[in-house]
Amino acid sequence: GSALAALPDPVVSIDPRPAPGSPLLTTNRTAPSDGFFEPVSYRGAFGSTNWSTSWTNFGRLGYVTGCSATSSVVPDEVQGVAAAGAGSYVWSRPTLPGLTGVQFFDVLRSTSSATFSSATCLDPDGTDTEMTDAGNPAVGQTYYYVIRAENGCGSGTLGFRSDGVERTGLSCSLP
C-alpha cells in the first residue's frame, strides 16, 4: 500500500439538488414581484436542474456529474500509465472540456494483449489514480493491464492497439 491508502475517499462529485421526493422540491410560497426574484415551484436555490455547472468553481473543476445538451463528453484514453513498483501502477486523469470531470476508473487485467473481453476487473469504479495488483501470473504467463476513465456521460476508451484498432473489453461498473 501507499500513504494514500490511509486517506479517506476523496470528493469526486457535488450535486446540490434536493434528493427525489424531498419536500424542498415543492413550495406554496410566492416570490416577490420585484424583478429580482424568479418565481419557481421549489424552495431554495435548486430544483431538479443543477444550474451551477457552468459558472461555479466546483463545476469548472469537474465535480459536477451528469450530462447536458451542452456538456456530453466522455473521457478520452487514460494517459501517463507507469509502473510504480511491484504490481503497482499510476496514471494521469484525462482533462475534459464541457465541465464533465472524470469520476471513476476501471482497471482491467488480461492474460492476452489482444483482448480484454474476459479480463478481470481489479478496481471497478475506483476514484484514485493508482492501483496495486496483489495477484501473480502463472509461470510462463504475462498480465496485461488497461485503464478506462468514466464520468456521468459514459465510459471512455480502453485505448488503441498498436495497429490503431480500439480495444474492447467487459464493463466493470458496480451495480
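**View 1. The buried aromatic residues Trp91 and Phe105 in the predicted model.** In this predicted model, Trp91 and Phe105 are both buried. A total of 4 aromatic pairs is found in the structure, and one of them is formed by Trp91 and Phe105, whose rings meet edge-to-face with 5.7 Å from centre to centre and 65° between the planes. The pair connects distant parts of the chain, since Trp91 belongs to strand E2 and Phe105 to strand E3 (residues 104-110), with 14 residues separating the two in sequence.

**View 2. A tyrosine cluster and the charge placed over one of its rings.** Tyr89, Tyr143 and Tyr145 are linked by ring pairs into a cluster. The ring centres of Tyr143 and Tyr145 lie 6.4 Å apart and the ring planes stand at 80°, so this pair counts as edge-to-face. Are Tyr143 and Tyr145 buried or partly exposed? Tyr143 has a relative accessible area of 18% and is buried, whereas Tyr145, at 24% relative accessibility, counts as partly exposed; the cut-off that separates the two classes is 20%. The ring of Tyr143 also has the charged end of Arg109 sitting over it, at 4.1 Å from the ring centre.

**View 3. The disulfide between Cys121 and Cys172.** Searching the whole structure gives 1 disulfide, which is formed by Cys121 and Cys172 with their sulfur atoms 2.0 Å apart. Cys121 is located in strand E4 (residues 120-121) and Cys172 in the segment that follows strand E7 (154-155), so the pair ties together parts of the chain that are 51 residues apart in sequence. Which hand does the disulfide have? The torsion about the S-S bond of Cys121 and Cys172 is about -80°, and the disulfide is therefore left-handed. The two cysteines fall into separate accessibility classes, as Cys121 counts as partly exposed at 25% relative accessibility, while Cys172 counts as buried at 4%.

**View 4. The open four-stranded sheet.** Four strands, in the order E4-E3-E6-E7, make up an open sheet with antiparallel pairing. The edge strands of this sheet are E4 and E7, each of which pairs on one side only. Strand E6 (residues 144-151) runs antiparallel to E7 and is joined to E7 by 2 bridges. At this junction, Glu150 stands opposite Ser155 of E7. In general, strands of a sheet pair through backbone hydrogen bonds, and the pairing can be either parallel or antiparallel.

**View 5. The hairpin of strands E1 and E2.** Strand E1 (residues 79-83) and strand E2 (residues 88-92) run antiparallel and are joined by 3 bridges, and the bridge partner that Gln79 finds in E2 is Ser92. How many residues lie between E1 and E2 in the hairpin? There are 4 residues between the two strands, and in this turn Gly85 has a positive phi of about 125°. Ala83 is also found in strand E1, where, at 64% relative accessibility, Ala83 counts as exposed. With residues up to four places away in sequence left aside, Ala83 touches Ser88 and Tyr89. From Ala83 to Met131 the separation is 48 residues in sequence, and their C-alpha atoms are 9.8 Å apart in space.

**View 6. Asp125 and its positive phi.** Asp125 has its place in the loop between E4 and strand E5 (130-132). The phi of Asp125 is near 55°, which is a positive value in a residue other than glycine. As a general background to this view, most residues other than glycine have a negative phi. At 18% relative accessibility, Asp125 counts as buried.

**View 7. The protein chain as a whole, as context for the close-ups.** The protein chain contains 1 helix and 7 strands, and these follow the pattern α-β-β-β-β-β-β-β when read along the sequence. Of the 175 residues in the chain, 27% are buried. The accessible surface of the protein chain comes to about 10900 Å², and 54% of this surface belongs to carbon and sulfur atoms. Among the contacts between residues at least 6 apart in sequence, 58% join residues that are at least 24 apart.

Technical notes:
Residues are numbered from 1 along each chain as its sequence is written. This is a predicted model: local features need pLDDT of at least 70, side-chain atom pairs count only at pLDDT 80 or more; totals for chains, interfaces and linings use all residues. Side-chain values use heavy atoms; hydrogens and water are left out. A disulfide is a pair of cysteine sulfur atoms within 2.5 Å. Buried means under 20% relative accessible area, exposed over 50%, partly exposed in between (1.4 Å probe, protein chains only). Contact means heavy atoms within 4.5 Å. Accessible areas come from the Shrake-Rupley method with a 1.4 Å probe; for residues, only the protein chains shown count as cover. Two strands pair if DSSP finds at least two bridges between them. Rings of Phe, Tyr and Trp (its six-membered ring) pair if their centres lie within 6.5 Å; planes under 30 degrees apart count as stacked, over 60 as edge-to-face and the rest as tilted. A charge sits over a ring if NZ of Lys or CZ of Arg is within 6 Å of the ring centre and within 35 degrees of the ring normal.
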